[in-house]
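Colleague: Before I rely on the terms used for this structure, I should like to hear the grounds for each of them. May I put my questions one at a time?

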Protein chains: 2
Amino acid sequence: MDDFEVSCKGIYRALSIREKYMRQAFQRFPLTTSQYLRDIEGEPFKPEDSVQPAKCLSVFTSPPKKGEDPFNTKCLPENVKWVARMKNGVIYVYKDATAADQHKPMEELAIPDYETFIDDMNFLIALIAQGPTKTYTHRRLKFLMSKFNVHEMLNEMEEMKELKMNPHRDFYNCRKVDTHIHAAACMNQKHLLRFIKKSYQVDADRVVQKVKGKDVTMKELFANLNLHPYDLTVDSLDVHAGRQTFQRFDKFNAKYNPVGASELRDLYMKTENHIDGEYFARIIKEVASDLEDARYQYAEPRLSIYGCNPNEWTKLSGWFNMHRVFSPQLKWMIQVPRIYDIFRGRNFVPHFGKMLENIFLPVFQATIEPHAHPELSIFLKHVTGFDSVDDESKHSGHMFSTKSPKPEEWDIVKNPSYTYYIYYMYANITMINQLRKQRGMNTFQFRPHCGEAGAVTHLLAAFMTADNISHGLNLKKSPVLQYLYFLAQIPIAMSPLSNNSLFLEYAKNPLLEFLKKGLIVSLSTDDPMQFHYTKEPLMEEYAIAAQVFKLSTCDMCEISRNSVLQSGLSNEEKIHFLGADYLKEGPEGNDIRKTNVAQIRMAYRYETLCYELNLIKEENKISTKLFYLLKLMPLPWLISK
Amino acid sequence: MDDFEVSCKGIYRALSIREKYMRQAFQRFPLTTSQYLRDIEGEPFKPEDSVQPAKCLSVFTSPPKKGEDPFNTKCLPENVKWVARMKNGVIYVYKDATAADQHKPMEELAIPDYETFIDDMNFLIALIAQGPTKTYTHRRLKFLMSKFNVHEMLNEMEEMKELKMNPHRDFYNCRKVDTHIHAAACMNQKHLLRFIKKSYQVDADRVVQKVKGKDVTMKELFANLNLHPYDLTVDSLDVHAGRQTFQRFDKFNAKYNPVGASELRDLYMKTENHIDGEYFARIIKEVASDLEDARYQYAEPRLSIYGCNPNEWTKLSGWFNMHRVFSPQLKWMIQVPRIYDIFRGRNFVPHFGKMLENIFLPVFQATIEPHAHPELSIFLKHVTGFDSVDDESKHSGHMFSTKSPKPEEWDIVKNPSYTYYIYYMYANITMINQLRKQRGMNTFQFRPHCGEAGAVTHLLAAFMTADNISHGLNLKKSPVLQYLYFLAQIPIAMSPLSNNSLFLEYAKNPLLEFLKKGLIVSLSTDDPMQFHYTKEPLMEEYAIAAQVFKLSTCDMCEISRNSVLQSGLSNEEKIHFLGADYLKEGPEGNDIRKTNVAQIRMAYRYETLCYELNLIKEENKISTKLFYLLKLMPLPWLISK
């Protein structure tokens with residue numbers, strides 16, 4: 001085989017691998033790419049396939065209809081008598097306890113195969129290091145870049161003309177979703193400061209803490225910290241990332257503590273404390289109300305589940321229901337910090353399997369018996385996905401392989417590798433999704449932080465398992481993965497301002513490069529409290545990108561459209577924001593009246609994707625033909641041809 | 001003389017030149033620098049000189065006291081019977097008509113000497129091209145840069161500590177002034193769009209234009225343009241600078257026309273039209289009201305006087321009084337476009353002298369007889385300075401010299417050079433200021449656009465004549481001028497976002513470099529309508545600078561403080577915003593409780609300036625001594641010493 005053939009075969013297989021894992025977990029894989037894969041396999045193209053079949057898609061809860069209460073537990077599905085139990089780090093569902101004892105999982109639910117996963121992963125690890133594939137993808141990416149530059153020179157004014165002719169819609173009133181934001185830092189620093197001062201004015205004598213059985217009022221709490229909220233300023237609050245945080249994830253994490261005091265973080269930014277997370281709920285609701293006022297902005301805040309003990313879900317969903325933390329502008333996500341090593345070190349959990357069980361079993365139980373866990377069931381209705389978070393630059397010695405200990409055997413203090421975490425999260429989310437689909441409930445997407453720092457293998461693991469990712473900076477370092485992310489159109493929530501404070505200077509951010517090449521990028525704030533200055537952090541993020549990268553209106557609206565597509569907004573909302581055909585790929589999926597993205601741009605994107613996929617297809621087909629030809633024909637014939 | 005000596009003598013003389021022209025026009029020159037100059041001249045340092053004598057300072061009108069009407073004409077000074085008349089492009093004041101006929105100007109008023117000015121200018125032109133001085137200043141600037149970097153590494157945390165200890169004050173509530181903003185583009189694009197739609201809803205049937213004697217209603221106006229405001233979007237409004245405007249000042253100017261229609265510019269962004277500039281006044285008042293809400297932000301909008309005919313001032317001040325366009329957040333400036341060539345080409349003016357007369361004579365007349373021009377006199381009370389504006393990149397063949405035609409003789413269609421404009425504006429402003437000082441009225445500062453593009457001689461002209469400038473980008477190109485701007489502490493209102501769209505990419509903007517070296521930079525928006533995205537353009541400007549340049553809080557607060565110092569805010573306001581001693585130089589002039597600038601930073605700035613001035617002083621002194629020594633002593637003695 002020549003180099004070109006090697007690469008195209010490898011890329012074909014890589015795409016097939018992702019397609020398999022996506023289908024299994026009801027996550028997205030582009031239809032266009034699927035069609036080319038089928039074509040390579042010799043399966044005919046069916047016109048009815050031009051829309052993604054509903055059974056393959058993830059399902060998100062629609063916003064409540066007028067007068068409907070989002071916290072109403074009456075509409076929950078019936079309880080069933082199935083049993084969920086963990087085995088080898090993955091939770092299986094059984095018809096009953098006997099089946100569970102015999103480990104005979106329900107046949108309706110497909111099970112991710114661990115051995116195959118490792119095989120697939122090893123294939124991809126080899127592929128991204130393979131010389132010919134690296135050359136090929138590098139060249140294709142360079143070509144994509146130049147092609148876009150040419151497109152821009154030729155069609156920029158035409159695109160602008162389309163947008164000018166488009167009434168009622170401009171960048172300001174096309175929908176944008178903050179696709180990556182942490183709830184604990186979703187307010188800006190000034191907002192937090194104001195909230196603290198206001199709360200003290202009203203609640204100074206309120207008991208806000210219990211220390212060794214003794215009640216501590218807010219007044220006492222602040223007195224113990226030797227400060228008075230009246231004197232507080234943004235400077236002394238000190239929650240903003242600065243030059244000191246660059247390449248220092250630890251310092252960045254410490255900035256979450258107002259005035260450096262974890263007591264204040266507990267009081268204002270936690271769901272679980274002496275006041276039942278009331279302040280935190282109020283701050284979030286204020287942020288949501290600002291978004292409602294802005295009208296065209298949405299956000300997907302992350303709340304933490306640590307896996308430290310099995311009650312976490314009960315407490316979190318209790319908080320959610322008690323304070324009625326619901327807003328049509330917010331779609332919730334669960335973030336799981338990769339800090340098993342800390343919990344194990346303090347003996348909070350006996351092994352990694354227990355952590356996984358704490359994270360996932362309650363979700364299975366609430367799915368099987370919603371009425372036994374009404375608050376959690378309601379909360380899960382509003383959750384759209386799982387995130388995996390922590391400092392990616394931390395090195396882990398462990399190599400995920402068939403020899404890796406199973407989670408229940410992982411009882412050492414050392415943290416498992418990123419890939420290990422990712423696999424077990426993916427496997428459990430897949431199981432949950434199949435179960436919930438079966439039960440007619442909403443499903444979850446896996447949307448980990450990935451490629452912010454650390455090894456490129458993180459991006460490889462996410463390529464296999466994640467619907468979409470946050471950051472993706474390190475795609476810079478692997479042309480093969482970058483090209484695969486392009487072909488598979490994997491959405492990437494980028495936060496250049498966050499990167500600028502932590503890992504990569506603004507001007508060096510690959511956002512513009514990725515956008516030009518046709519990767520699906522969106523803009524997100526990550527932590528407004530730490531990184532932003534103005535009252536509208538998402539607009540600040542867009543404005544700075546527009547200025548520094550000189551984005552056109554069409555670029556900005558394309559990014560906004562990407563953000564809606566990437567998000568966990570429901571089908572109804574996406575239809576409303578993007579148009580009835582948003583699931584179709586290419587220009588026919590775009591409704592310019594709603595998105596303000598020029599059809600010329602959409603056509604360019606679609607043609608470009610098809611062109612690249614076609615190259616892979618043709619080479620795969622030719623090489624298949626050649627294989628037979630070579631057997632039948634003498635070589636000179638081929639050459640003269 | 002050796003190289004070092006040559007440079008230091010040159011720099012000494014350059015500073016003396018600026019000092020002279022500043023004193024004459026009641027513009028600022030730093031006391032510290034003055035003291036070193038006196039020291040070189042052998043004059044003793046007097047401790048009472050540590051505060052700028054009030055008689056040297058420009059005077060701005062204080063904000064109205066509670067209940068006081070800023071439009072009250074009763075408090076205007078009495079009329080006097082003096083006569084103002086132009087001669088050789090400069091307006092002189094005479095005791096009476098006879099004195100005027102004999103050209104015997106009032107003795108109390110010093111007169112700028114044209115010949116000396118040309119001499120001084122030629123000296124400076126030679127100096128900035130002089131090899132040794134270029135080397136010396138280049139080295140000093142490099143040293144200043146490295147010194148600041150060291151300061152930052154050593155003291156950054158100490159500065160931050162000071163700010164954290166400073167109660168009630170942080171970046172958000174320290175005062176900032178938008179030191180450079182054009183009234184016609186002071187709203188953002190979204191604001192203008194909303195205003196147009198709203199005005200149409202209310203006023204569709206209002207007559208807004210008269211074309212060939214026929215009334216045109218707003219409905220008809222829009223119908224003629226083939227558009228309906230209801231369909232308008234930010235895109236079709238098309239007033240935002242984009243990639244197309246880079247290096248294209250003409251395209252940038254064209255963007256001032258909404259939907260490309262000058263009719264709409266006339267209707268919404270002009271003081272003079274069929275509706276007496278009502279909409280423009282309302283838009284500005286809305287912007288002012290937003291600033292009042294933001295509380296800590298001020299702006300210095302520019303209104304145009306073209307010099308095309310002598311009624312312009314009457315009309316402009318009529319508009320100002322009729323619509324009561326006053327806000328404590330706004331300090332007004334007059335911008336004079338350098339477009340004599342256009343007016344002359346259309347035969348609107350017979351020669352350049354007439355243009356100058358149209359611009360300045362009404363101001364003299366209102367100063368002499370306030371009660372004869374009550375509206376203009378009231379307006380002038382609220383005007384703080386003159387700006388000179390246009391595309392600096394346009395080349396002008398003319399070299400300003402003693403051979404240049406006098407303004408009254410300049411009757412060709414060609415535009416005079418930048419320096420020619422600047423000199424005559426300076427000379428007339430100087431005369432006005434002396435007259436107004438004499439009469440106990442507020443004075444004006446000369447604050448031209450300078451160094452945005454074009455020749456470095458522009459910056460040289462401003463060094464001689466301007467209190468402070470806007471842009472200053474081209475100081476990059478002349479180390480001598482850059483160093484002189486540092487030693488003379490000339491404020492520079494920088495607008496990196498404007499530059500990014502017009503002349504220089506953001507990352508290449510010298511703002512950070514200038515700040516580090518100790519030049520007095522402030523941040524300004526220039527044209528929010530064209531350049532900004534958010535509701536708070538000035539905050540957007542600060543936020544982007546903070547992010548891209550990684551400014552610390554102390555940096556940002558220093559810039560804010562600079563902006564207040566640079567501005568035309570009155571003495572009372574400056575005392576309120578910066579502290580009672582703000583006129584003192586060095587750390588004692590800083591009140592951290594009001595400015596949030598660390599004293600360590602202030603001390604660093606002061607010591608650094610003194611160190612550089614001292615180098616000049618010592619070399620000037622030594623060389624004077626050496627001169628005598630060399631006459632008395634044999635050379636070997638000197639060498640062994």
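Colleague: Where is the place of A:Asn166?

Modeller: This is a predicted model. In it, A:Asn166 sits in the loop between helix H5 (131–165) and E3 of chain A.

Colleague: What makes A:Asn166 count as buried?

Modeller: Buried means under 20% relative accessible area. A:Asn166 has a relative accessibility of 3%, so it counts as buried.

Colleague: With which residues is A:Asn166 in contact, leaving aside its neighbours within four places in sequence?

Modeller: They are A:Ile592, A:Arg593, A:Asn596 and B:Thr233.

Colleague: Why is strand E2 (residues 90–94) of chain A described as largely enclosed by the rest of the structure?

Modeller: Five of the five residues of E2(A) are buried, so the description holds. Both faces are covered: A:Val90, A:Tyr92 and A:Tyr94 are buried on one side, A:Ile91 and A:Val93 on the other.

Colleague: In which sense do strand E1 (residues 83–87) of chain A and E2(A) pair, and how do you know that they count as paired?

Modeller: Two strands pair if DSSP finds at least two bridges between them. E1(A) and E2(A) have five bridges, in the antiparallel sense, so they count as paired. Opposite A:Val93 in E2(A) stands A:Ala84. Two residues lie between the strands of this hairpin, where A:Asn88 takes a positive phi near 50°.

Colleague: Which strands are the edge strands of the open sheet in chain A, and what makes them so?

Modeller: The sheet has five strands in the order E3-E6-E7-E8-E9 (chain A), with parallel pairing. Strand E3 (176–182) and strand E9 (445–446) of chain A are the edge strands, as each pairs on one side only. E3(A) pairs with strand E6 (residues 297–304) of chain A over five parallel bridges, and A:Ile181 stands opposite A:Pro301 in E6(A). Helix H23 (residues 553–566) of chain A lies across E3 and E9 of chain A, at about 60° to E3(A).

Colleague: Why is chain A called as compact as a globular protein of its length?

Modeller: The secondary structure of chain A comes to 27 helices and 13 strands. Its radius of gyration is 25 Å, and the globule rule gives 26 Å for 641 residues; the two values are close, so the chain is as compact as a globular protein of that length. The C-alpha trace of chain A spans about 95 × 65 × 50 Å along its principal axes. Of the 641 residues of chain A, 60% count as buried.

Colleague: How do you know that the buried residues of helix H10 (residues 262–269) of chain B lie on the same side of H10(B)?

Modeller: The buried residues are B:Leu264, B:Leu267, B:Tyr268 and B:Met269. They cover an arc of only 155° around the axis, which puts them on the same side of H10(B). Their cover includes helix H6 (189–203), strand E4 (207–211) and helix H11 (278–294) of chain B.

Colleague: Why are the two copies said to be related as by a two-fold rotation axis?

Modeller: Chain B superposes on chain A by a rotation of 180° with 0.0 Å of shift along the axis, at an RMSD of 0.0 Å. The two copies are therefore related as by a two-fold rotation axis. In chain B, the C-alpha nearest the axis belongs to B:Ile544, at 3.1 Å.

Colleague: How do you know that the copies meet through the same surface?

Modeller: Of the interface residues of chain B, 98% are also interface residues in chain A, so the copies do meet through the same surface.

Note on methods
Residues are numbered from 1 along each chain as its sequence is written. Chains are lettered from A and ligands numbered from 1 in the order in which they are written. This is a predicted model: local features need pLDDT of at least 70, side-chain atom pairs count only at pLDDT 80 or more; totals for chains, interfaces and linings use all residues. Side-chain values use heavy atoms; hydrogens and water are left out. Buried means under 20% relative accessible area, exposed over 50%, partly exposed in between (1.4 Å probe, protein chains only). Helices (H or I, at least four residues) and strands (E, at least two) are DSSP runs, numbered from the N terminus. The arc is that of the directions from the helix axis to the C-beta atoms. Contact means heavy atoms within 4.5 Å. Copies are superposed by least squares on the C-alpha atoms of residues with pLDDT of at least 70 in both. Axes are lines fitted to C-alpha atoms, for helices over the stretch in contact, and angles run from 0 to 180 degrees between N-to-C directions. The radius of gyration is taken over C-alpha atoms; the globule rule is 2.2 Å times the number of residues to the power 0.38.
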